[in-house]
Amino acid sequence: MDSENLKQETTTIVGDHGRIAEMGNSSDALVSLIREKMESVSPSLCIYVAPEVLRKGNENSFEPVLVSIGPFHHGKQGLEAMEKHKWRYLRALLNRRPNLESVLDDCVKAMKQLEQRARKCYEELSNMSSNEFVEMMIVDGCFTIELFLTYCKKELRQRREPIFANSWMLFSVRSDMILLENQLPFFVLQRLFELVPIPKQCDQSLLELAFRFFRILIPGDDDDILHEKFSREGNHLLDLVRNTYLPSYPKVLPKQNNEMYRNVNPAEKLMHSGIKFKRATDGISLLNIKFANGVLKIPPLRIHNYTNNLLRNLIALELCSVNSTMYVTSYVFFMDGLIQSPNDVQVLRQHKIITNRLGNDEMVPEFFKKLVCDQNIVGKDNFYAGLCEQVNAYNRRTNKWFNLF
């Protein structure tokens with residue numbers, strides 16, 4: 001929640017003081033008012049508009065190019081073509097049961113019950129009417145479910161299905177579905193999944209289907225552990241993907257509160273100082289970086305076409321979420337410090353820590369530099385501050401030893 005929204009809500013609560021005074025001893029009315037104010041500061045808020053500090057010059061990283069999900073970009077010009085596909089997917093999903101109207105009626109009733117809860121998940125209130133909002137939840141939710149089903153079960157696809165016949169289209173749809181501003185609350189998807197007819201050949205849960213659809217975005221080799229992490233409680237699909245990135249190593253606390261430990265020195269400089277690099281092989285988390293005995297172990301990162309938008313939206317999610325630790329943001333800052341030049345990329349590539357699918361090595365430092373456009377975002381919440389302190393201290397100690405000769 002940003003400071004402006006918090007200020008507005010605080011003003012509203014303070015302004016209600018007069019209303020409380022007018023109620024006298026009416027406990028029921030007072031309970032109702034307190035509950036109303038509690039709900040106005042919604043703990044359910046989880047789908048945000050990307051902050052301006054991240055949007056500036058990077059609007060394309062937060063706005064869908066093919067398909068809208070949720071109210072923020074609903075009806076946006078340029079996305080009309082995909083609306084036909086969404087309705088077609090809705091029909092294909094519901095038509096698997098003879099009594100289509102009965103299933104649709106169940107969906108409408110269920111979404112009506114969830115409407116207010118769902119609206120509170122969004123940072124900006126939608127001016128959509130109740131019927132429009134419910135229709136949006138059903139169409140977008142059922143499209144998502146059918147997309148997962150047809151991705152995992154090829155026999156369910158229609159002949160020459162456009163989304164799967166064109167690799168660029170599937171790439172665009174998947175890219176749009178990891179945008180922070182393009183989400184449905186997961187409880188909406190789960191409730192619809194319980195109501196719609198699921199094909200007999202599919203015995204997988206919604207979480208299992210979603211994991212398979214997004215698996216290409218998730219680094220690591222251990223499918224069982226990654227699926228377990230993906231299946232932990234999450235507010236929406238982007239949140240579930242973020243679960244798989246979270247480190248399993250405890251935070252190394254810095255011994256000193258000093259700005260010089262906020263980030264690590266470049267890889268080439270560290271190598272010349274005697275620090276060795278090693279590719280971490282646990283296959284559990286991209287963020288499991290460890291330093292011990294002069295060896296810096298870093299999990300492999302494959303930079304491909306999805307990487308920029310995914311990392312940028314994960315950073316936006318962490319920046320907006322009040323209770324979120326800046327895990328991914330700290331990782332990006334760490335890698336930005338480590339990779340300052342093509343020579344640093346070469347060091348990491350030689351140890352199979354970096355695989356660059358974007359082009360030449362000159363692009364990689366710029367890639368991370370653009371992600372950390374504001375150096376103050378991570379602040380004191382840098383998960384790797386203690387690790388940076390250890391690495392940089394080792395670097396200085398080794399240089400001091402060399403200078404004696």
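**Entry 1: Thr329**

I began with Thr329 and looked up its relative accessibility, which is 1%, so this residue counts as buried, since buried means under 20% relative accessible area. I note here that I am working with a predicted model. Next I looked up where the residue sits, and I found Thr329 in helix H16, which covers residues 327-338. I then asked myself which residues Thr329 is in contact with, once its neighbours within four places in sequence are left aside. I wrote down Ile315, Glu318, Ile377 and Val378. For Glu318 I could add a detail, because I wanted to know what joins the two side chains, and I found a polar contact of 2.7 Å between Thr329 and Glu318.

**Entry 2: Val252**

I turned to Val252, which I located in the loop between helix H13 (237-245) and helix H14 (267-272). Is Val252 buried or exposed? I read a relative accessibility of 30%, and therefore I put Val252 down as partly exposed, the class that lies between under 20% for buried and over 50% for exposed. Not counting residues up to four places away in sequence, I listed Phe383, Gly386, Leu387 and Gln390 as the residues that Val252 touches. I also checked Lys290, which is 38 residues from Val252 in sequence, and I noted that the two are 9.4 Å apart in space, from C-alpha to C-alpha.

**Entry 3: Helix H6**

My third search concerned helix H6, which runs over residues 100-119 and so has 20 residues. From its first C-alpha to its last I read 27 Å, which is close to the 28 Å expected at 1.5 Å a residue. I then asked where H6 bends, and I found a bend of about 40° at Gln113. When I looked for the buried residues of H6, I wrote down Val103, Cys107, Ala110, Met111, Leu114, Glu115, Ala118 and Arg119. I kept a general reminder beside this list: an α-helix has 3.6 residues a turn, so residues three or four places apart point the same way. I also looked up what the buried residues of H6 pack against, and I noted helix H5 (80-94), helix H7 (130-152) and helix H10 (186-195).

**Entry 4: The chain**

Finally I looked at the chain as a whole, in which I found 19 helices and 5 strands. Of its 405 residues, 50% are buried. I read an accessible surface of about 20,300 Å² for the chain, and I noted that 50% of this surface belongs to carbon and sulfur atoms. Among contacts with a separation of 6 or more, I found that 72% come from residues 24 or more positions apart.

Technical notes:
Residues numbered from 1 in each chain as written. Predicted model: local features only at pLDDT ≥ 70, side-chain atom pairs only at ≥ 80, totals over all residues. Heavy atoms only, no water. Helix = DSSP H or I, 4+ residues; strand = E, 2+ residues; numbered from the N terminus. Buried < 20%, exposed > 50% of the residue type's maximum accessible area, 1.4 Å probe, protein only. Contact = heavy atoms within 4.5 Å. Areas by Shrake-Rupley, 256 points an atom, 1.4 Å probe, with all protein chains shown as cover. Expected span 1.5 Å × (residues − 1). Bend = angle between axes of the 7 residues up to and from the residue. Polar contact = N/O pair within 3.5 Å; in protein donor to acceptor, adjacent residues only side chain to side chain.
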